[in-house]
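Visitor: I am in my first year and would like a close look at a single part of this model, with the surroundings explained step by step. Please begin with one residue and work outwards from there.

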Amino acid sequence: SSSTDSCPFSPNAIIDDGCVSYATLDRLNVKVKPAVDDLVRTTDFFSHYRMNLFHKTCPFWNDEDGMCGNIACAVETLDNEEDIPEIWRAHELSKLEGPRAKHPGKKMQKQHPDRPLQGELGEDVGESCVVEYDDECDDRDYCVMDDEGATSKGDYVSLLRNPERFTGYGGQSSKQVWDAIYLENCFKKSSFPKSADLGVSHRPTDPAALDFKQVLDTAGRQAQLEHQRQSNPNIPFVANTGYEGEDECLEKRVFYRVVSGMHASISVHLCWDFLNQSTGEWQPNLACYESRLHGYPDRISNLYFNYALVTRAVAKLAPYVLGPQYTFCTGDPLQDQDTRDKISAVTQHAASVPQIFDESVMFVNGEGPSLKEDFRNRFRNISRVMDCVGCDKCRLWGKIQTNGYGTALKVLFEFNEGQKPPSLKRTELVALFNTYARLSSSISAVGKFRAMIDMRDKAESQTFKSPEDVWTLVDEVDEDMNEFIKMRNRGSHGDTVGEQMGNEFARVMKAVKIVLKSWIRTPRMIWEIVSDETTRVYRAWVGLPPRPRRYAFRLPSLDRDEL
Ligand SMILES: Cc1cc2nc3c(=O)[nH]c(=O)nc-3n(C[C@H](O)[C@H](O)[C@H](O)COP(=O)(O)OP(=O)(O)OC[C@H]3O[C@@H](n4cnc5c(N)ncnc54)[C@H](O)[C@@H]3O)c2cc1C
């Protein structure tokens, strides 16, 4: 893992204050990742998701503008795709795979309470762990109801068969979706004439909360500027953007960070699980990581921010979701208990870092309460924008993650002590824990990418040895030995005693030289072998193809006849 106690980012990284917490979160993730992976990979409840995949239209733009107006329209592909095999092209990679089951009607649910899906997802899937019975969204939801009519209740798909990874989706279409999503993050001064007061009476006094606020102040502003400079490089580094501190309340910055962190997480996954479309190999793509994330510490910090936010939500949720009132698999008590135990493992780790995110400073004073409504509406809109994503797999994960963050925010802001908590739907729970698993794997992948960069930089700074260097060492041994053997043979045919003694002496000297040289050579040889093997183990660990060994174990290639 990348968890170190020193600041893992460059000195000009924008959240110097957050640097300690990067290491804390890295350490936490070492414990969380195995638990949350186990939960989302081995339980039927968390490895299936219901979504209305094909009956929605994009409500924001239409084909008349020359843009994709309907999710059924083609995936926009990269250039020169004709040259590559069909299976590696974007439109193939974008399709959903694996079994799919229609949401059963009420009649079917009554007739076959144990098997409402009739085995459509596979015989070994506990269907009572998968089917969602209640699908109303209440007005406290940050989600959009995914199913408006009885006929479009959506399909259940396997998340294991559709991992979030490179799909080749890109170009104008994806750019326009991201733009629309960022537009929801409207920070214009004019739309919020009154400044948000973080609270005269509620000013956070706890050092962690103050720190947190300070981090947000710097990072949020910086991220805005950074984002604007992408489209308009002329924007100066210190600019009056209308987004300045005083008029920018905590909530709005949080909103931006959530979106940007989600974007960063998607980018990490597509770079980590990247398809080389000319060779068909899936492997991490360091150049992809460097161009999308490495140069943007704000994006990475937003990723960590989301990790902290969702960790807090997961920890806070524990008593509600683990209580007896919640059943995961009505028809399968064993799997129900197993699911419960696995959730508990995740929530326990999540709760092990107290004060990770202080939601109590949000939506309290000033325009806070009215912002809450605004926040919710913007989130709903983002969920609708997802219908404009022209790639099925991307849309699936885009929806899951939007729903996951929506649920995290709902838990943070609507679950108050002493009040009856709002109900959580199956989809929301599945989305929340899968979003957590995605963030967890992003944090881990960022650590590995960073290690790859360090390794590469180190290797570049040393004069890199070519394989020939090592072979030269080995060949030297061969040459010396062969020469020695020749000398020995010559020695036995000497004419005079003097000559024989001279030859004998030369042979002894040669033997001494060979031994001495090998003493000198051995440490270097061992070093070469150890460093070679370390690199190979490392490459295998991060999933890179192995480099060929630069040495081999073999007997010296001596001239056998001479022996
Ligand atoms: C909802 C959704 C899900 C997707 N899922 C996948 C997927 O699973 N697999 C896949 O291969 N592709 C996926 N894509 C496409 C992918 O996100 C990129 O859009 C695509 O790879 C093109 O990348 P790009 O380099 O043009 O920049 P994009 O990632 O499209 O970014 C557009 C612009 O946004 C800004 N930006 C980028 N990152 C951030 C950030 N973290 N914070 C703030 N601003 C930022 C930059 O100015 C950038 O130029 C998805 C797209 C969307 C909209």
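**From a loop residue to the core**

Guide: Gln-118 has its place in the loop between α3 (106-111) and β3, where helices (H or I, at least four residues) and strands (E, at least two) are DSSP runs numbered from the N terminus. Please keep in mind that this is a predicted model, in which local features need pLDDT of at least 70 and side-chain atom pairs count only at pLDDT 80 or more, while totals for chains, interfaces and linings use all residues. Residue numbers start from 1 along each chain as its sequence is written.

The backbone of Gln-118 has a phi near 55 degrees, which is a positive value in a residue other than glycine. Most residues other than glycine have a negative phi. Gln-118 is also exposed, since 12 other C-beta atoms lie within 10 Å (12 or fewer is exposed, 20 or more is buried, and in between is partly exposed, with C-beta atoms placed from the backbone).

Strand β3, at the end of that loop, belongs to an open sheet of 3 strands with antiparallel pairing and the order β1-β3-β2. The edge strands, β1 (48-51) and β2 (100-102), each pair on one side only, and neighbouring strands of the sheet are turned against each other by 25 degrees on average, direction ignored. Between β2 and β3 (residues 155-158) the antiparallel pairing runs over 3 bridges (at least two are needed for a pair), and Arg-100 has Val-157 in β3 as its bridge partner.

We can now step back to the whole protein chain, which has 14 helices and 5 strands. Of its 563 residues, 34% count as buried, and among contacts with a separation of 6 or more, 76% join residues 24 or more positions apart (a contact means C-beta atoms within 7 Å).

The largest nonpolar core, made of buried nonpolar residues joined through C-beta atoms within 7 Å, has 89 residues, and those with the most contacts inside it are Ala-313, Val-314, Ala-408 and Phe-433. Helix α8 (residues 297-322) gives the largest share of this core, 13 residues. Leaving aside residues up to four places away in sequence, Ala-408 touches Leu-309, Val-310, Ala-313 and Leu-432.

How the helices cross can be described through their axes. The axes of α8 and α12 (residues 426-461) come within 10 Å and cross at roughly 140 degrees (angles run from 0 to 180 degrees between N-to-C directions). The two helices α8 and α12 are therefore oblique to each other (under 35 degrees is roughly parallel, over 145 roughly antiparallel, 65 to 115 roughly perpendicular, and the rest oblique). On the α8 side the residues that meet α12 include Tyr-307, Val-310, Ala-313 and Val-314, while those on the α12 side include Leu-432, Tyr-436 and Leu-439.

The axes of α11 (residues 392-414) and α12 come within 7 Å and cross at roughly 100 degrees, which makes α11 roughly perpendicular to α12. Among the residues of α11 that meet α12 are Ile-400, Gly-404 and Ala-408, and the α12 residues in this meeting include Ala-431, Leu-432 and Thr-435.

One last position, Thr-24, lies in helix α1 (residues 19-42) and counts as partly exposed, with 17 C-beta neighbours inside 10 Å. Its C-alpha atom is separated by 44 Å from that of Ile-84, which is 60 residues apart from Thr-24 along the chain.

Methods. Two residues are in contact if their C-beta atoms, placed from the backbone, lie within 7 Å.
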